[in-house]
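Trainee: Hi! I have a new structure open and would like a tour. Where do we start?

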2 protein chains.
Amino acid sequence: MSAYTEFTERTIEYTKLLSDFKQLLKANGLKFTIQREVILEMLYNSDEHLTPEGLHHLIQQKHSELNTGIATVYRTLSLLENSEMVTSLSFGAQGKKYELGAKDHHDHIICTQCSHITEFVDEQIESRQKEITKSLGFVMQEHSMQIYGICKNCQEKTKK
Amino acid sequence: MSAYTEFTERTIEYTKLLSDFKQLLKANGLKFTIQREVILEMLYNSDEHLTPEGLHHLIQQKHSELNTGIATVYRTLSLLENSEMVTSLSFGAQGKKYELGAKDHHDHIICTQCSHITEFVDEQIESRQKEITKSLGFVMQEHSMQIYGICKNCQEKTKK
DNA sequence: GTCGCTGCAAAGTCTTTGCAGAGAG
DNA sequence: CTCTCTGCAAAGACTTTGCAGCGAC
């Protein structure tokens with residue numbers, strides 16, 4: 001029988017991530033700047049799925065000396081996304097949220113009341129997706145799944 | 001064993017849909033206008049998942065005499081979405097696409113080359129989703145799944 | 001006739017781009 | 001030194017809103 005698990009572990013060390021990033025930059029003739037490092041670090045240290053605006057806000061709080069512009073955040077996120085170091089998620093809400101792509105693949109279950117996102121992965125569904133894709137004649141590249149519901153916390157809140 | 005099927009059938013007649021819509025409007029003290037009818041009709045007759053802009057364009061072509069404004073399209077789509085008569089999808093691309101919610105639940109497989117969307121439904125995945133949600137302590141409201149890949153057509157194109 | 005609806009244009013969001021000075025390599 | 005980055009502000013894309021006249025009921 002297959003296992004599904006609440007998925008919260010980082011699967012990569014920050015040091016490794018940083019050196020990957022530096023290598024990526026070098027390989028493309030790009031420069032390693034403080035702003036880029038801070039953005040990566042914030043993404044790494046945040047448990048949340050961040051919006052560009054939220055990320056910018058966080059950076060202004062923790063590294064106000066840099067006075068980082070929102071445009072740089074957008075530019076760096078695009079860069080990271082194109083390099084497949086981060087993944088963007090667009091759920092119903094407007095705007096995208098970003099997460100580090102360095103984690104293993106996983107799906108999301110989103111609370112419609114508090115917007116909290118729980119991650120999980122289920123082998124049975126994963127393998128079934130592959131079967132279906134093949135049957136429909138597609139070559140699978142990626143997939144994503146979201147379940148929307150009300151989390152335990154919010155269920156209890158409502159009862160009171 | 002469970003079945004997955006390419007999902008293309010309408011499960012509702014237009015007449016029924018229209019009368020549901022009229023009833024919805026009446027129940028909320030809203031008016032039935034030609035613009036609203038045309039928007040519903042376009043959504044019904046289109047096999048595509050339409051963007052607001054695409055829908056507007058289509059209406060201008062087929063019913064140029066109405067000179068329908070894009071704002072009306074947005075307003076009607078919101079109305080229909082809030083009433084759960086249409087569902088909005090937001091895949092990676094910017095902007096939302098809309099589809100009639102009158103069909104049964106189904107998932108999407110999207111070609112990353114031609115953007116064509118194929119719909120399917122799989123009982124095994126559906127039931128597994130319910131199990132997982134329950135185990136994580138959530139009350140499930142909805143869910144959506146997207147697979148991204150390259151469709152048969154585009155695979156052949158690339159070979160040539 | 002009343003009150004909601006519509007098109008238009010203006011205003012809002014969110015994101016991208018142009019530019020000149022700053023900074024990494 | 002060179003060539004990329006950055007912050008700023010302006011421009012873009014997409015969506016929402018205010019308003020005055022229009023039209024469903």
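Mentor: With one term we will need for the strands: two strands pair if DSSP finds at least two bridges between them. Please also keep in mind that this is a predicted model.

Trainee: Okay, so which strand of chain B is joined to β6(A), and by how many bridges?

Mentor: That partner is strand β6 of chain B, residues 139-150, and 11 bridges join it to β6(A). The two strands run antiparallel.

Trainee: Can you give me a spot to click on? What stands opposite A:G149?

Mentor: Try B:M140, which is in β6(B) and stands opposite A:G149.

Trainee: Zooming out a bit, how many residues of chain A and chain B are in contact?

Mentor: On chain A there are 41, and they are in contact with 41 residues of chain B.

Trainee: And how much area is buried between the two chains?

Mentor: About 3600 Å² is buried between chain A and chain B, and carbon and sulfur atoms give 59% of that.

Trainee: What about salt bridges, how many are there across that interface?

Mentor: The rule finds 2 salt bridges across the interface of chain A and chain B. One to look at is formed by A:D122 with B:R128, where the closest N and O atoms are 2.8 Å apart.

Trainee: And how many residue pairs are in polar contact between the chains?

Mentor: The count there is 10 residue pairs, both residues being at pLDDT 80 or more.

Trainee: Which elements of chain A each supply at least two residues of the side that touches chain B?

Mentor: They are β1 (4-6), β4 (107-111), β5 (117-122), α5 (123-135), β6 (139-150) and α6 (152-159). Of these, β6(A) gives the most, with 12 residues. By class, that side of chain A has 18 nonpolar, 16 polar and 7 charged residues.

Trainee: Let's switch to the DNA. Which residues are closest to DNA strand C?

Mentor: The closest are A:K31, A:Y74, B:R36, B:T68 and B:T72, and 23 residues surround DNA strand C. Of the atoms of DNA strand C that come within 4 Å of the protein, sugar and phosphate account for 74%.

Trainee: Which helices each supply at least two residues of the surface near DNA strand C?

Mentor: From chain A, α3 (52-62) and α4 (70-82), together with α2 (34-45) and α4 (70-82) of chain B.

Trainee: Got some atom-level examples for that strand?

Mentor: Sure. An N or O atom in the side chain of B:T33 is 2.8 Å from a phosphate oxygen of DNA strand C. A:F32 uses a polar backbone atom, 3.4 Å from a phosphate oxygen of that strand. For B:Q35, a polar side-chain atom lies 3.2 Å from a sugar or linking oxygen of DNA strand C.

Trainee: Now DNA strand D. Which residues are closest there?

Mentor: A:L30, A:T68, A:T72, B:K31 and B:Y74 are the closest, and 23 residues surround DNA strand D. Sugar or phosphate makes up 71% of the atoms of DNA strand D within 4 Å of the protein, and the rest belong to bases.

Trainee: Bases, nice! What is 2.9 Å from a base nitrogen of DNA strand D?

Mentor: An N or O atom in the side chain of A:R75. On the phosphate side, A:R36 has a polar side-chain atom 3.1 Å from a phosphate oxygen of DNA strand D.

Conventions
Residues are numbered from 1 along each chain as its sequence is written. Chains are lettered from A and ligands numbered from 1 in the order in which they are written. This is a predicted model: local features need pLDDT of at least 70, side-chain atom pairs count only at pLDDT 80 or more; totals for chains, interfaces and linings use all residues. Side-chain values use heavy atoms; hydrogens and water are left out. Contact means heavy atoms within 4.5 Å. Buried area is the accessible area (1.4 Å probe) that two parts lose on being put together, summed over both. A salt bridge is a side-chain nitrogen of Lys or Arg within 4 Å of a carboxyl oxygen of Asp or Glu. A polar contact is a pair of N or O atoms within 3.5 Å; within protein, one must be able to donate a hydrogen and the other to accept it, and residues adjacent in sequence count only if both atoms are side-chain atoms. Helices (H or I, at least four residues) and strands (E, at least two) are DSSP runs, numbered from the N terminus. Ala, Val, Leu, Ile, Met, Phe, Trp, Tyr, Cys and Pro count as nonpolar, Asp, Glu, Lys and Arg as charged, and the others, Gly among them, as polar. A residue is near a molecule or strand if one of its heavy atoms lies within 4 Å of it.
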